[in-house]
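Work through the exercises below with the model in view. Try each task before reading its solution.

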Amino acid sequence: MSDEQAPAWYLTAQQRARNEASDVPEATVQAVEYTVSCVPEDDIDGHLFGIRVQYRGQGRYAVIRSADMCLGTDGTWDYGVKEYDRGDAWLDAHRFDLDTALRLAKAQAPLVTINGHTVTDAIAMQQKRRERDG
């Protein structure tokens, strides 16, 4: 949106933010997601085989596969990654400290299958494409 198109309230808020910028605390930076995979990141299907470790607040991380599978402490995948209406027991069974979450994701990464294809299949297909394409 250009300044010519912006409503007056928006321009006023932007100017106020510029005026107040020197008085606010310094911005912080936090890594909030890691991708764990046995398939090389440059593989065309590499993103499909990735397991994500996402920060969910209060020092806890979720281990997520696909768009909606969340790893539990028992090593099984549960549908749904959101904590809405799940309660503390569900959260405690599906949230981990970072080291634990990364360890669990690394253990699960070789086990990912997509449409019947294993990690080994994905790596072999990438190799065939490279040989074919030179």
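Three exercises follow, each with a worked solution.

This is a predicted model, where local features need pLDDT of at least 70, side-chain atom pairs count only at pLDDT 80 or more, and totals for chains, interfaces and linings use all residues. Residues are numbered from 1 along each chain as its sequence is written, and side-chain values use heavy atoms, leaving out hydrogens and water.

**Exercise 1.** List the helices and strands of the protein in order.

Solution. Start with the rule: helices (H or I, at least four residues) and strands (E, at least two) are DSSP runs, numbered from the N terminus. The protein has four helices and five strands. Along the sequence they read α-β-β-β-β-β-α-α-α.

**Exercise 2.** Set the radius of gyration of the protein against that of a compact globule.

Solution. The radius is taken over C-alpha atoms, and the globule rule is 2.2 Å times the number of residues to the power 0.38. For 134 residues, a compact globule would come out near 14 Å. The protein has 21 Å. Next, look at the box: along the principal axes, the C-alpha atoms fill roughly 55 × 50 × 25 Å.

**Exercise 3.** Locate A109, then decide: buried or exposed?

Solution. First, find A109 in the loop between α3 (98–108) and α4 (119–133). Buried means under 20% relative accessible area, exposed over 50%, partly exposed in between (1.4 Å probe, protein chains only). A109 has 2% relative accessibility, so A109 is buried. Then check its contacts (heavy atoms within 4.5 Å). Leaving aside residues up to four places away in sequence, A109 touches V36, S37, C38, I51 and V119.
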